[in-house]
Amino acid sequence: GDAVIVCDAAQVFDGIREAVTIAFWQNGEDSPHRNDTLCCSNFTYGVSNPSIAVHLGCWRDPGQYRWDCGSPWSFENRLAGHHRAPSEWMGTWNHWAFTKDFRVGPDERKGEMRIYLNGVLYDSQSGTDTPIENITSFTIGSGWYGHYDGLVDDFRIYDYALSEAEVAYLASDGTGQLPRPAPLP
């Protein structure tokens, strides 16, 4: 159907334990789901929660985004909030990057998760210090909250947390001209 299952997910994620970046271009559509899952690892309904999951949208309610990353799953390893405008996930192409590095941050609150939209820091959270481990399955286009309604392009997984400059480079296709800044609240 509309999802891509990464057959050798354990091998793909084998070297990823302390830091990760998931980056992609997306153009969402209106959806009947409460949330659309863009990618997800290790999820079995009623049995296991994912180690990694990205959710965009929430088309019927004020838009929500969620970035879950860490094993075991917990709310402390979730960066979530409300989109500022529907154009952030629907009707146009946007570049997203989701990073986690559990080695950085203030001494007492190690770990940091970040979300970038169109090359600009959109949201962040400290104190997300659980490792990324035991990933045996990974799906793009479906998962925890249902399948993703829309298009995805240039999906990338990095074994480190990209810097803000690296994210901006990806979002600008290497030109340095960002597609458009994140809308202000």
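Which residue in β10 is the bridge partner of Cys-40? It is Thr-139. I start with that pair since it sits in the strand I want to spend most time on. Before that, one caveat: this is a predicted model.

First, the overall layout. The protein has 185 residues, and 49% of them count as buried. There are 11 strands and 2 helices. Along the sequence the pattern reads β-α-β-β-β-β-β-β-β-β-β-β-α. Taking contacts between residues at least 6 apart in sequence, 68% of them join residues at least 24 apart.

Now the sheet. Six strands form an open sheet in the order β1-β10-β3-β4-β5-β6, and the pairing is antiparallel. The edges are β1, residues 4–6, and β6, residues 78–82; each has a single partner strand, so one side of each is left without a neighbour in the sheet. From one strand to the next, the twist averages 15°. As general background, strands of a sheet pair through backbone hydrogen bonds, either parallel or antiparallel.

Back to β3. In the sheet order, β3 stands between β10 and β4. On the β10 side, residues 36–41 of β3 pair with residues 138–140 of β10 over 3 bridges, in the antiparallel sense. Besides the Cys-40 pair with Thr-139, Ser-41 has Phe-138 as its bridge partner in β10. On the other side, β3 and β4 run antiparallel and are joined by 4 bridges. There, Cys-39 has Val-54 of β4 as its bridge partner. The strand is mostly covered, with 6 of its 6 residues buried.

That brings up the cysteines. How many disulfides does the structure hold? The count is 0. For Cys-39, the closest cysteine sulfur is the one in Cys-40, at 7.6 Å, which is too far for a bond; the cut-off for a disulfide here is 2.5 Å. Cys-39 has 0% relative accessibility, so this residue counts as buried. Cys-69 is in no disulfide either, and its nearest cysteine sulfur, that of Cys-39, is 9.7 Å away. Cys-69 is also buried, because its relative accessible area is 1% and the threshold is under 20%.

Next, the nonpolar cores. In soluble globular proteins, nonpolar side chains tend to be buried together. Here the largest nonpolar core has 27 residues, and those with the most contacts inside it are Phe-24, Ile-52, Trp-67, Trp-96, Phe-98, Ile-115 and Phe-138. At least two residues of this core come from each of β2, β3, β4, β5, β7, β8 and β10. A second, separate core has 7 residues, including Ala-97, Tyr-116, Val-167 and Leu-170. Phe-138, the bridge partner of Ser-41, is thus on both lists I have shown: the pairing and the core.

Let me take Phe-24 as an example from the larger core. Leaving out residues up to four places away in sequence, Phe-24 touches Leu-38, Val-54 and Leu-56, among others. Its contacts also include Trp-96 and Phe-98, and Val-152 and Phe-155.

Two loop residues are worth a look. Is His-83 buried or exposed? At 10% relative accessibility, His-83 counts as buried. This residue is placed in the loop between β6 and β7. Its side chain makes a polar contact of 3.0 Å with the side chain of Glu-88, and reaches the backbone oxygen of Gln-64 at 3.4 Å. Among the residues His-83 touches are Leu-56, Tyr-65, Trp-89, Trp-96 and Tyr-122, not counting those up to four places away in sequence. Trp-96 and Leu-56 were also in the contacts of Phe-24.

The other is Ser-51, in the loop between β3 and β4. Ser-51 is buried, with a relative accessible area of 5%. Which side chain does the side chain of Ser-51 make a polar contact with? It is that of Ser-71, at 2.8 Å. Ser-51 also touches Ser-41 and Cys-69, among others, again leaving out residues up to four places away in sequence.

To close, the pieces around β3 are these: antiparallel pairing to β10 over 3 bridges, 4 bridges to β4, and 6 of 6 residues buried. The cysteines discussed here sit in a structure with 0 disulfides.

Notes:
Residues numbered from 1 in each chain as written. Predicted model: local features only at pLDDT ≥ 70, side-chain atom pairs only at ≥ 80, totals over all residues. Heavy atoms only, no water. Pairing = 2+ DSSP bridges. Axes fitted to C-alpha atoms, helices over the stretch in contact; angles between N-to-C directions. Buried < 20%, exposed > 50% of the residue type's maximum accessible area, 1.4 Å probe, protein only. Polar contact = N/O pair within 3.5 Å; in protein donor to acceptor, adjacent residues only side chain to side chain. Contact = heavy atoms within 4.5 Å. Core = buried A, V, L, I, M, F, W, Y, C linked by side-chain atoms within 4.5 Å.
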